[in-house]
Amino acid sequence: MDETIVEPADTPEEPRCVQIRATLAGKINLADFQNAIPVVHELSLANETADDIKELRLTASSEPSFFKTKTWNLDYVAAGKDIRISDLDLLLDGALLGRLTESEKALITFKLTAGSAKPLELASFESTVELLPRNQWGGLAALPDMVAAFVQPNEQAVERVLKKAADVLHKAGKSGAINGYQEGAKRAWELASAIWNAIGSMGIDYAVPPASFEQSGQKVRSPSQIADSGLGTCLDLALFVCAALEQAGLNAVLIFTDGHAFPGVWLKPEEFSTSVIDDVTALRKRVKLKEMVLFESTMLTHRPHPAFSFAIANGEEQISEEAERKFHLAIDIRRARMQRIKPLASEQAIERGTVGTDEVNLERGFEVAPELPEELERSLEDKAVERPEDRLTRWQRKLLDLSLRNNLLSFKAGKKSLKLEAPDPGQLEDILAEGHAIKLLTRPDLMDGNDPRSQAIHEARERENIRRSHAIDALKRKEVFVGLSQDEMDTRLVELFRTSRTNLQEGGSNTLYLALGFLSWTREAKDDKKYRAPLILVPVSLERRSARSGFSLTLHDDEPRFNPTLIEMLRQDFELELGIQDTELPKDDSGLDVAGIWKTVSSAVKDIKGWEVVEEVVLATFSFAKYLMWKDLTERTEQLKQNAVVRHLIETPRDSYESAIEFPDARRLDVELPVKNTFCPLPADSSQLSAVVAGSKGKDFVLIGPPGTGKSQTISNLIAQCLAERKRVLFVSEKMAALDVVYRRLADVGLGNFCLELHSSKARKTEVLEQLRTSWDSAAAMEPDEWHAEAARLEGLRNQLNGYVERLHLRYPNGLSVYEAIGRVVAGHDLPVLQLSWPSARVHDSVAMRTLRETAELLDVHAKVMGEGQLTSSPLAHVVQTEWSPLWQAALLDSARAIGPVVAGFDAATEQLRAAVGLPPLILDSRVSRLRKYLARKSSRRMVKALI
């Protein structure tokens, strides 16, 4: 993906006081959206004024709106300071990108305002981004491995191809199973051959691709579009074949040369270590070992299409030594998938007409696989009996990259490196060793352009090389020239600066080195192909005061070293010893003895034809991480095997891992674990505390949990526990972020002085020594007596809390606990309150509780029969007579006379119910009690009169 670095231009009339700096993508399409390719790569603000600015609001928007408007709120930017914004996630509109059918320009606008009541605009700028149609690939000039998104194995046309391939296999007397590598390399070859014949029978015609499509990109036809239209460019056909191979369970590769693309397939379940392969020899070696075949897919458009083996021969010719200058790179589709590059989402299925096919003789077209190396045919059962020494050898081979892909053995000058004009490399290294910074400048024009003098004549007469003498004079001023234009040099330095900074932040180690001298070497005496391996590697850092100031080179606080991978490669492949250690290098009065080291290497290779030392100085990135791991695995195998986990992985990896240490019961931790022996400064629940105790006892386990469940908190507690038990702890993480979280937690509780940071910019020698000094001088924050007193207080507090919990969950004779009772009361807060009480919670046992529940259920049944109105309405609610009559009066008098016996009967029934269910004395409804008193005082006649 192209990048555009945008900064607002200065104007002499009104210079900007605050600047917005951004690095943006040049092109965006649906594949970028699906694979989370960011639109904004870097975003920062620079306050170049003399005043602090507060309450800032930075807004990003686009027209057309292909992402959701995003706003960043910043509280404060100090005067003369820069602030880098880390949250760069813009929510792209995937639906809009999916609807595009042609390229479209989009305008991105950034606006910076200050203040909340009346916002004041401080800075703004605009930049354009090209929105590509969903089916347009951006080319190798963008992100090369994004072409894997256009390999669409789930298309319906691919399914039809695999069905037809199965028919091809059946007609050839083979199994029609599309089963990938399950039956070995020969079966993989036959599957690829069947797919070749299936696609070849579709009658596809060739379409000429756009010029230089491999760099600028092109619109890509999906497999279904190829099947419908019957047309395809070389890239369309190669992607179609790769999709079919991937859906068949095979690992496909895609190769790009000048104006051309064609596919290949692994014959074993492997993939390259990276998704982008720029070393053609890596392909040639796999092809020679018959681990991979490459084939020319445009031959599928021939009538009739040729045999699969013929296409393979043509494909292999295109990566031969004669044709390798046309080679650009290859994309490993399997590795791209492992890096989460997903296929494009298919368009909504539509009805398609029948496509005419030019059928061929399938039996004649299908080919049986040729003889392949025996090790490729090894079954899964054979691999299961791998010996420990074989397993170690395989690990070592994977760690030590002695192939020509490694830039420590085959360095290629390009846009990710910078050649310096340093006629005296020894003096350059001495200046750096003395702690000085070296300014990097573009080479001045000497006797070029309009200068009438001839440099060649001047040098002949003056007996001196103008450029060399000028470079030596510049080195005395602590300056070094670079033979590039200012823009090109700045672009490369920015790339090196960002790469080294990212590697240091994420990997914890410096990867930027100054390579002093190279060994030019060949594989064989008759081989004209020469490779260059760096010799002396001096760790350096790039620094600049601002985005507009130039870069300076300073020495990084690591030790210079000789190329260790080169030493091992010469020892293994050529049985050649240079007589130089990779770390203990000869030194002179000011630093390294560069000339002496070069002389030693020259003497060692003087009798080897085609080998020589090239005295060049190059700034580039190199990494030794895997080499150091290989060195440990090779030289310290027995020591590593003393660890139970490592021994298990080497000797019995297929067996279950047995551990004699068990996790303590989380429910009994408070009983079994004294407070004075627990050193967890951060909050922990019982499961986390169980993990801490098990880890401190030496148990090996994996702590798993989603984000936010306290993994880093548990790790911090475990480290604190081990420190208190006088144990040494090594906390290792691939990412710096994980280390930072745990370190901050330990520092917050006063344990920061006990942490030695070896995975960041603080891994410099001076920083390590300072950390050791601080730890040595730090005093204990609490005396032992104070700790024992505090532990006793915590023990009492814990016992008190545990007693509360025990009482809360204690089971009473009725089968309930206080905890459950509270839950039932809370759950029934909407129900009417019954004024019932008992003198003790132990009055009822489980049998009595069961009787109460049964009685309540019966009362509920009777209440429903009687109707709720009978129980809740007024006693006189049933008096519905509205007019007086003698008959009504007589009836009322009779009913009134009967009230007394009814009330007495009700009282008796109530007492019987209370005695039967064991209820306390009941307080009857006030209306019933008043009615009883009224009847006792008044005669029936007076009551009747009162009612009337």
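In strand β15, the side chains of His260, Phe262, Gly264 and Trp266 point one way and those of Ala261, Pro263 and Val265 the other way, and all of these residues are buried. With 7 of its 7 residues buried, β15 is largely enclosed by the rest of the structure. The model is a predicted one, and within it β15 (residues 260-266) has the highest mean pLDDT among the elements of the protein, at 94.

Strand β15 belongs to an open sheet of 5 strands, arranged in the order β16-β18-β14-β15-β17 with antiparallel pairing. The edges of this sheet are formed by β16 (276-277) and β17 (292-294); each has a single partner strand, so one side of each is left without a neighbour in the sheet. Between β14 and β15 the antiparallel pairing extends over 6 bridges, and Gly264 of β15 is the bridge partner of Val253. The two strands form a hairpin with 2 residues between them, in which Gly259 adopts a positive phi near 65°. Towards β17, β15 is joined by 3 bridges, again in the antiparallel sense. Here Val265 is placed opposite Val293 of β17.

Strand β14 (residues 252-257) also pairs with strand β18 (residues 327-332), antiparallel and over 5 bridges. In this pairing Val253 stands opposite Asp332 of β18. Val253 is thus matched with Asp332 in β18 and with Gly264 in β15.

Two helices are placed against these strands. Helix α7 (residues 234-247) packs on the sheet and touches β14 and β15, its direction making an angle of about 15° with that of β15. Helix α9 (residues 308-317) lies across β15 and β17, and runs at about 90° to β17. Strand β15 is therefore contacted by α7 and crossed by α9, in keeping with the burial of 7 of its 7 residues.

Elsewhere in the chain, helix α14 (residues 425-433) is mostly covered, with 7 of its 9 residues buried. The buried residues are Pro425, Gly426, Leu428, Glu429, Asp430, Ile431 and Leu432; the acidic residues Glu429 and Asp430 are included in this set. Just after α14, a positive phi of about 95° is found at Gly435.

Asn717 is located in helix α25 (residues 711-724). Its relative accessible area is 1%, which is under the 20% limit for a buried residue. The side chain of Asn717 reaches the backbone nitrogen of Leu682 at 3.0 Å. Leaving aside residues up to four places away in sequence, Asn717 touches Phe679, Cys680, Pro681, Leu682, Pro683, Ala684 and Val692. Leu682 thus appears both in this list of contacts and as the residue whose backbone nitrogen is reached by the Asn717 side chain.

The confidence of the prediction varies along the chain. The mean pLDDT of the protein is 80, and 85% of the residues reach 70 or more. Helix α11 (residues 362-365) has the lowest mean pLDDT among the elements, at 43. Over residues 348-364 the pLDDT is below 50, and this stretch has 22 contacts in the model beyond near neighbours in sequence. Residues 1-14 also stay under 50 in pLDDT, and for them the model has 49 contacts beyond four places in sequence. Where pLDDT is low, predicted coordinates should not be read in detail.

Methods
Residues are numbered from 1 along each chain as its sequence is written. Side-chain values use heavy atoms; hydrogens and water are left out. pLDDT is the predictor's confidence in each residue, from 0 to 100. Helices (H or I, at least four residues) and strands (E, at least two) are DSSP runs, numbered from the N terminus. Contact means heavy atoms within 4.5 Å. Buried means under 20% relative accessible area, exposed over 50%, partly exposed in between (1.4 Å probe, protein chains only). Two strands pair if DSSP finds at least two bridges between them. Axes are lines fitted to C-alpha atoms, for helices over the stretch in contact, and angles run from 0 to 180 degrees between N-to-C directions. A polar contact is a pair of N or O atoms within 3.5 Å; within protein, one must be able to donate a hydrogen and the other to accept it, and residues adjacent in sequence count only if both atoms are side-chain atoms.
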